[in-house]
Amino acid sequence: MGNAHQQTHEGLPLEYRSETGKLNILGFWIFLGAEIALFSTLFATYMVLTGRTAGGPTPQELFEMKGVLTQTFLLLTSSFTCGLAIHQMRLGNLKGIYVWLGLTLALGAGFLGFEIYEFMQYVHEGATIGTSAFWSAFFVLAGTHGVHVAFGIGWIGLIMLQLAKRGLTPETSAKVFISSLYWHFLDVVWIFIFTSVYLSGMVMSHG
Amino acid sequence: MKWDEFFVTGDPLIYGADVAIAVTVLAIVSVLTYFKRWGWLWREWLTTVDHKKIGIMYLISAILMLFRGGVDALIMRTQLAVPNAGFLNSQHYNEIFTTHGTIMIIFMAMPFLIGLMNVVVPLQIGARDVAYPYLNAVSFWTFFMGAMLFNISFVIGGSPSAGWTSYMPLASNELSPGPGQNYYLLGLQISGIGTLLTGINFIVTILKMRAPGMTLLRMPIFTWSTLVTSIIIVFAFPILTVALALMTFDRLFGSHFFTLSGEGLDMLWANLFWLWGHPEVYIVILPAFGIFSEIISTFSRKTLFGYKAMVYSMIIIAALSFLVWVHHFFTMGTGALVNSVFSITTMAIGIPTGVKIFNWLFTMYKGRIQFTTPMLWSLGFIVNFVIGGVTGVMLAMAAADYQYHNTYFLVAHFHYVLIAGTVFACFAGFHYWYPKMFGHKLNEKIGKWCFWLFMIGFNVCFMPMYFLGLAGMPRRIYTYDPESGWFSLNFVATIGAFLMGAAFILLVYNIYYSIRRQKPEVSGDPWDGRTLEWATDGAIPPHYNFAVIPKVTGLDAFWRLKKEKQRERIDDAILPIHMPSHSGKPFMMSVFFFISGFGLVFEWFWMGIVGAVGVLVIMILRSLECDKGYYVSVEEIKRDLSSIKQ
């Protein structure tokens, strides 16, 4: 609002040059604050319900390091490539953005593939959302993160479409930047899932 | 599912409601068709992104919900007026106290305050609109559709009956079968999205869109209360989102978060619910404090006493609001240490609140007080709220709480804070800012009658409940024996409830009367106000709010401008104004939310998916849209200004 489009913002990165872009970036940071509250609640629920397996399968029996490590590797790398895409955006190199964002989405899809495979394994071995309080908490925590990743893939894909149509403008670059914040945030959440769900689930014995 | 399972049958009250709903819908449709107003409704209201119109829609919805929740209350009081009454059976009574509580908190109090925030805050900070006008429309429509979804439950499928707190295992499939509890979960979930977005929207609006010169500590106190409330919303509502989702999984997909089987923890629900629920209490009281501060300052003709103390006390209350949730279930059995900690944090809230009470008193001290209707509501608030606050400190003592827990003492306490605090503030703010929305004041004489009737009725209704509680009457019972000795006080309480009902009718009549009879205001400043919302040209601000954004030099910005006689406008300062375009997408998206929610209520998953896909499609269309709004030309602004001057 105001006289946004008449002002010049030379010297600022492209995504900060429109009033809308600036407002949206701040608003998204606050939204991420709400997301932290959301995931914190899920983590708290998971910790409270840890060990409550009701005589069913335990995480020590089912968790496997290999798949989870691959997932971690894929997602962490995707965060790196996402950062490179933003770097290319600052350089004004549209082709570079496509390459790195494309790679980011491919790595994200790989992560998702492994996660779905992992979930199917668990279901196969008799651990579903209805097996016990522990597995309910596990599936909903990891699943919420997975759904976020899936949503991110669709969203960033949509933004790439807009880049192709409209090129790099203050509006499209703000969208790219915001979606990159989202992507890094999912990476951070995953680090917590990796450590406090998988690593401690395999190492510590509960109950 | 047969039709007689789909519609609620067998109760004459419900058949009456069916007829009333059918007649109302028919009346609305035929009036709109007869006067050819469908296009007007769509263009001016359903697709609007103007914060003032969205605010008005919030207020209308909130008053409708106040009617619905109030009727629930009167039905309950009728049932409890005499011992062993047969007006309602226990199930029906349970449903009514559940919908009463849920509607009053989620669909009445919050939207009423958010409506006032919408109308007032952008004007108070000298902005053209909120930071995200489109998102604001999404907020309103998701709230509205969530409220509608919850409200149809009593004629379609049956209402929830596990209380507004919906404790597990009472709210589980085993003990609350049928769609009722699902309505609660999905109605609140959908409207909760809107509330969260409102929180984000107002934080950014207030941080980024203030008029030049308005530093944080020059902001009007209602704007401050909105900022603090929005921060609470952003951190509290995700907790509700998760809690509702987990219970939805328990009921629809057989998970074991709160169930007795599968090693679930029923008290986990209570903890999550109140981790949101207690901050929620402050979400509905802090804006009320802001409203009273504005009104008391205006009608005492003085700057607010202890402005900074007011700001800091709100921030402290907001922080403490996240640290007291266990006091809702001291009887859970966490032990003396945990209870003591939460006892102390709870009592600590009394300190910043006490600071505020004294600041209001000192604002009035040596002021030239005008006893207008909004001021009467504010004065009534101070006295009655203190009673509610003091009994709150009594409840905060964990050991004593074992006596008060789940009795009418508690019911009396929270009505004394929520009605004398929030509802009085809603009415006060409604009367105060009404001329800004509609260009005329509400009639003062009817307004004062309404106030006294309501205030007296309120005390007649709830004061006896303290004593009923001390006499051992538990809450949420649908009837009692004559030997209990609770009859006379209950009867008195029922009389009070009907007095409040009469006051509500008077309020609605006042709106009708004032539209027809009150003389239109000529200036934008009917109360000789102090803050920028009164600085607009004309009684009702134009859609872009200010022709030229005012400059702020201190607290009470408009008061200073008036004192310094700096109101002459320099026509050259008028520039084209950039405004956002209307959009039908928020409305349509919320309709899809409604469809999805309705499907999930009845576990018709195909319908849930159809609705969700609809929501996603609208989000995609919005993302692909390239809409940069439009400009209001200098000529148009000048035309508006000259038409006001005539």
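In which handedness of crossing does α6(B) pass α7(B)? Keep that question in mind while you walk through this model, which is a predicted one, and select the pieces one after another as they are named below.

**Stop 1: a pair of helices in chain B**

Begin by selecting residues 133-151 of chain B, which form helix α6, and then add residues 180-208 of chain B, which form helix α7. The two helices pack at an angle of about 160 degrees, and their axes lie 8 Å apart. Because an angle over 145 degrees counts as roughly antiparallel, α6(B) is roughly antiparallel to α7(B). As for the opening question, α6(B) passes α7(B) in a left-handed crossing. If you colour the residues of this contact by class, you should find 15 nonpolar and 10 polar residues, with no charged ones.

**Stop 2: the loop that joins them**

Now select the loop between α6 and α7 of chain B, where you will find Pro169(B) and also Ser166(B). Show the backbone at Met168(B) and Pro169(B), for these two residues are joined by a cis peptide bond, with omega at about 5 degrees. Then move to Ser166(B), a residue other than glycine whose phi is nevertheless positive, near 45 degrees. Is Ser166(B) buried or exposed? Ser166(B) counts as buried, because it has 25 C-beta neighbours inside 10 Å, and 20 or more are enough for that label.

**Stop 3: a second pair of helices in chain B**

Move along the chain to the loop between α14 (398-404) and α15 of chain B, and select Asn406(B) there. Asn406(B) also has a positive phi in a residue other than glycine, in this case near 55 degrees. With 14 C-beta neighbours inside 10 Å, Asn406(B) counts as partly exposed.

From that loop, continue into helix α15 of chain B, residues 408-438, and select it together with helix α16 of chain B, residues 444-470. At what angle do these two helices pack? The angle is about 165 degrees, and the axes are 7 Å apart, so α15(B) and α16(B) are roughly antiparallel to each other. Here, too, the crossing is described by its hand: α15(B) passes α16(B) in a left-handed crossing.

To see which residues meet, show the side chains on both helices. On α15(B), the residues in the contact include Tyr408(B), Phe409(B), His415(B), Tyr416(B) and His431(B), while those on α16(B) include Gly447(B), Phe458(B), Phe462(B), Met465(B) and Leu470(B). By class, the contact of α15(B) with α16(B) is made up of 13 nonpolar and 4 polar residues, and no charged residue takes part.

**Stop 4: the domains of chain B**

Step back now and colour chain B by domain, with domain 1 covering 1-36 and domain 2 covering 37-583 + 627-645 in the domain assignment. The C-alpha centres of these two domains of chain B lie 29 Å apart. Where they touch, 11 residues of domain 1 are in contact with 9 residues of domain 2. On the domain 1 side, the largest share, 5 residues, comes from helix α2 of chain B, residues 12-34. That side of domain 1 has 8 nonpolar and 3 charged residues, and no polar ones.

**Stop 5: chain A**

Hide chain B for a moment and look at chain A, which contains 6 helices and 0 strands. Its C-alpha trace spans about 65 × 30 × 25 Å along its principal axes, and of its 207 residues, 43% count as buried.

Select Arg90(A), which you will find in helix α3 of chain A, residues 65-90. Arg90(A) is exposed, because 12 other C-beta atoms lie within 10 Å. Add Lys66(A) to the selection and draw a distance between the C-alpha atoms: the two residues are 24 residues apart in sequence and 37 Å apart in space.

**Stop 6: where the chains meet**

Finally, show both chains again and select the contact, to which chain A gives 30 residues and chain B gives 34 residues. On the chain A side, the elements that give two or more residues are α1 (19-49) and α5 (133-166) of chain A. Which element gives the most to this side of chain A? The answer is α1(A), with 14 residues. Coloured by class, the side of chain A that touches chain B shows 18 nonpolar, 10 polar and 2 charged residues.

Note on methods:
Residues numbered from 1 in each chain as written. Chains lettered and ligands numbered in written order. Predicted model: local features only at pLDDT ≥ 70, side-chain atom pairs only at ≥ 80, totals over all residues. Domains from an automatic or database assignment. Contact = placed C-beta atoms within 7 Å. Helix = DSSP H or I, 4+ residues; strand = E, 2+ residues; numbered from the N terminus. Nonpolar A, V, L, I, M, F, W, Y, C, P; charged D, E, K, R; others polar. Axes fitted to C-alpha atoms, helices over the stretch in contact; angles between N-to-C directions. Parallel < 35°, antiparallel > 145°, perpendicular 65-115°, else oblique. Left-handed = near helix turned anticlockwise from the far one by under 90°.
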